[in-house]
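Subject: Handover of a two-chain structure

Dear colleague,

Please find below the structure that I am passing on to you. My notes on what was found in it follow.

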Amino acid sequence: MMRDNRIRRLPMALSSLVALTLAILPLPSGLEALRPDFLVLVVFYWSIESPRAGGLTLAFMAGLALDVIHGVVLGQHALALTLMAGWATHLRLRLRVFSILSQCLTIFALLTGYQFVLFWVDGATGNPVTTFGRWLAPVIGALLWPVLVGILSRLHER
Amino acid sequence: MVAFRTTDASGRMTGLLLRCVLYSLFALALIIVDKRYDHLGKIRRVLSIVAYPVQVAVASPFEGWDWFRESVTTRDALRADKTKLEAELRLAQFRLQRYEALEAESERLRALRDNTAGVTDRFIIGNVMDVDLDAFRERVLVDRGAQDGVFVGQAVLDAGGVFGQVARVGQLTAEVILVSDATHAIPVQVNRNGLRTIAVGTGDMGRLKLPYLPTSADVIAGDLLVTSGLGGGFPAGYPVGSVAEVKRDPAQSLADVDVKPAAALDRSRELLFVWLKPQAAARAASAPPGTPTTPQITPSAGPHNP
C-alpha cells in the first residue's frame with residue numbers, strides 16, 4: 001500500500017500543478033467566465049481514483065493555493081474543495097461502476113456544490129458575486145470530465 | 001491516527017468523515033480569522049511568494065512572445081511608430097509648458113485654503129502580469145509588492161487616467177482592483193462646474209456609473225470627470241472618465257448617468273503607483289511661494305518608503 005501511495009504522488013502533484021497553471025492562464029475576457037475549475041476536477045479525480053494517497057490533504061492544499069492565487073479570503077476554496085472532495089471520496093465506489101453519463105451528472109452535482117460553497121462564503125464575507133456566469137463553470141467542468149479521466153488514467157497507468 | 005489508515009471499510013469511512021470535518025473546520029477558522037482580524041497578512045505574503053513562480057511561469061510565454069514580436073518588427077513599422085510617438089511627445093510637451101507654473105499656483109492656493117489633500121509626491125511604475133485572477137472580479141496582478149513600498153489602498157494610474165487602487169499586497173506582487181469593479185467607488189468631480197459625486201464600478205470594463213446624482217443635476221454627455229481628492233485615497237485632478245450618456249426619467253428622483261473610463265482598463269500594461277504628499281510636509285514645502293513642486297518620477301525605484 002505504501003508503494004502504491006508513493007507511485008501515485010508524483011502524477012498527482014504534477015497534474016495538480018498543471019491544473020493550477022491552467023486556472024490562471026490568461027483567456028480573452030469573454031471566455032473567462034466559461035473557464036472550468038481544472039484543479040477541482042483533478043482533485044476529484046484523485047479522490048475517486050486513489051483516496052488513500054492523500055485526497056483530502058491534496059484538496060485542502062489545492063484550495064489554499066486557489067485562495068492565494070485568486071486573492072480571495074483565505075480558506076474559501078479550501079473549505080469548498082475539502083467538503084466536495086470528501087463527498088467524492090465517499091461516492092467513489094459507486095462512481096467507478098457508473099456509466100460515463102451518470103459520472104458526468106455526479107461531477108456536475110459536486111461542482112455545483114463547490115460553487116455554492118464559494119457563493120455562500122462570498123456572500124458571508126460581504127462581497128457577493130451575483131452574476132449568473134459563475135454557474136456556467138460546473139456545466140463545462142462536467143462536460144470536460146470524460147476527457148480528463150481519459151488523460152489522467154493514461155498518465156498514471158503507464 | 002493509525003486506526004484511520006486501516007483498510008477496513010467502516011474504519012475508512014469514519015476516518016474520512018473525521019478528516020473532512022477537521023479540514024473544513026480549519027478552513028472555516030481561516031476564513032473567520034482572515035476576515036475579522038489582520039493576522040494573516042504575513043502568512044498570505046509568504047504564500048504569495050510560493051505562488052509567484054507559477055504566476056511567472058504562466059506569464060513568461062506571453063511576455064516572450066511580445067518580446068519576439070517586438071524584435072522582428074520591420075524598420076518601416078518602427079519608423080511609423082517613431083513618427084507617431086514624436087507627434088504625441090510634441091503635443092504633451094506643449095501641454096506641459098505651463099504645468100509647473102500652474103502646479104505651483106495650485107499649491108499656493110491650496111495652502112491658502114489649508115487644503116493639501118491629494119497632492120502627488122512620487123510615482124513608481126509597475127507592469128501588469130499576464131495572469132487571470134478571478135473571472136467575476138475586475139482585478140489585475142502587478143509585479144510590484146511590499147518590497148517596493150506598495151501599500152493597500154494606494155492609488156494606481158495609467159497613461160489615460162485613474163486605473164484603480166491596490167487591494168492586496170504580496171511581497172513581490174500586488175493586486176489592483178479596477179475602478180470598474182462592481183465593489184469599487186471613487187469620489188469624483190465634474191471638471192466643468194465642480195459638481196461632486198461618486199463614480200461606482202459596474203463590473204463591465206467599459207462603463208462606470210454615477211448613481212447618486214439627482215435628475216436636476218447639471219451634468220451632460222461629454223463632461224470630464226476628475227478625482228476630487230476627497231477621502232484622501234486618490235490624488236486630486238486626475239481624469240476618471242467622461243460622461244457617455246445621461247438618462248433622466250422624470251418619475252425617478254435620481255438620474256441614470258453612464259461614464260466611459262479614461263484609463264485603458266482592458267489594455268494598459270504599465271501602471272503608476274502614486275504616493276500622496278503627507279499633509280504637513282506639503283504645507284512646509286509650499287511655505288516659500290514658488291518652490292518647484294513637480295512630482296518626481298522614479299522609473300524603476302528600489303525600496304523607498306513614503
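**Chain A as a whole**

Of the 158 residues in chain A, 43% are buried, where a residue counts as buried if 20 or more other C-beta atoms lie within 10 Å of its own, as exposed if 12 or fewer do, and as partly exposed in between, with C-beta atoms placed from the backbone. This is a predicted model, in which local features need pLDDT of at least 70 and side-chain atom pairs count only at pLDDT 80 or more, while totals for chains, interfaces and linings use all residues. Residues are numbered from 1 along each chain as its sequence is written, and chains are lettered from A and ligands numbered from 1 in the order in which they are written.

Chain A contains six helices and zero strands; helices (H or I, at least four residues) and strands (E, at least two) are DSSP runs, numbered from the N terminus. Read from the N terminus, the order of elements is α-α-α-α-α-α.

The C-alpha atoms of chain A occupy a box of roughly 45 × 30 × 30 Å along the principal axes. A compact globule of 158 residues would have a radius of gyration near 15 Å, and chain A agrees with this, at 15 Å. The radius is taken over C-alpha atoms, and the globule rule is 2.2 Å times the number of residues to the power 0.38.

Two residues are in contact if their C-beta atoms, placed from the backbone, lie within 7 Å. Among contacts in chain A with a separation of 6 or more, 67% are between residues 24 or more positions apart.

**Helices of chain A**

How many of the 12 residues of α2(A) are buried? The count is 12 of the 12, so this helix is largely enclosed by the rest of the structure. Among them are A:F38, A:L39, A:W46 and A:E49. Helix α2(A) covers residues 38-49 and reaches 16 Å from its first C-alpha to its last, close to the 16 Å expected at 1.5 Å a residue. The expected span of a helix is 1.5 Å times one less than its number of residues.

Residue A:L39 is in contact with A:S16, A:A19, A:L20, A:A23, A:A62 and A:L66, leaving aside neighbours within four places in sequence. A:L39 is also one of the residues that touch the most other members of the largest nonpolar core, together with A:V43, A:F44, A:L81, B:F163 and B:V176. That core has 101 residues; a nonpolar core is a set of buried Ala, Val, Leu, Ile, Met, Phe, Trp, Tyr and Cys residues joined through C-beta atoms within 7 Å. In soluble globular proteins, nonpolar side chains tend to be buried together.

Helix α4(A), residues 76-97, has 22 residues; its end C-alpha atoms are 32 Å apart, in agreement with the 32 Å expected. There is nevertheless a kink of about 60° in α4(A), centred on A:L91. The bend at a residue is the angle between axes fitted to the seven residues ending there and the seven starting there.

Helix α5(A), residues 100-124, has 25 residues, and the distance between its end C-alpha atoms, 36 Å, agrees with the expected 36 Å. Its buried residues include A:Q103, A:I107, A:L111 and A:Y114. After α5(A) comes A:G126, whose phi is positive, near 90°.

A:V139 belongs to helix α6(A), residues 136-157. A:V139 is partly exposed, with 14 other C-beta atoms within 10 Å. Its C-alpha atom is separated by 8.2 Å from that of A:P36, 103 residues apart along the chain.

**Chain B and its side facing chain A**

Chain B has five helices and 13 strands. Of its 306 residues, 31% count as buried.

Which chain B residues sit in the loop and the strand chosen here? B:A236 lies in the loop between β9 (224-227) and β10 (239-247), and is buried, with 21 other C-beta atoms within 10 Å. B:K260 lies in strand β11, residues 256-261, and is partly exposed, with 13 other C-beta atoms within 10 Å.Between the chains, 34 residues of chain B are in contact with 36 residues of chain A. On the side of chain B that touches chain A, α1 (9-36) and α2 (41-71) of chain B each supply at least two residues. The most comes from α1(B), with 11 residues. The residues of this side divide into 18 nonpolar, four polar and 12 charged, where Ala, Val, Leu, Ile, Met, Phe, Trp, Tyr, Cys and Pro count as nonpolar, Asp, Glu, Lys and Arg as charged, and the others, Gly among them, as polar.

Yours sincerely
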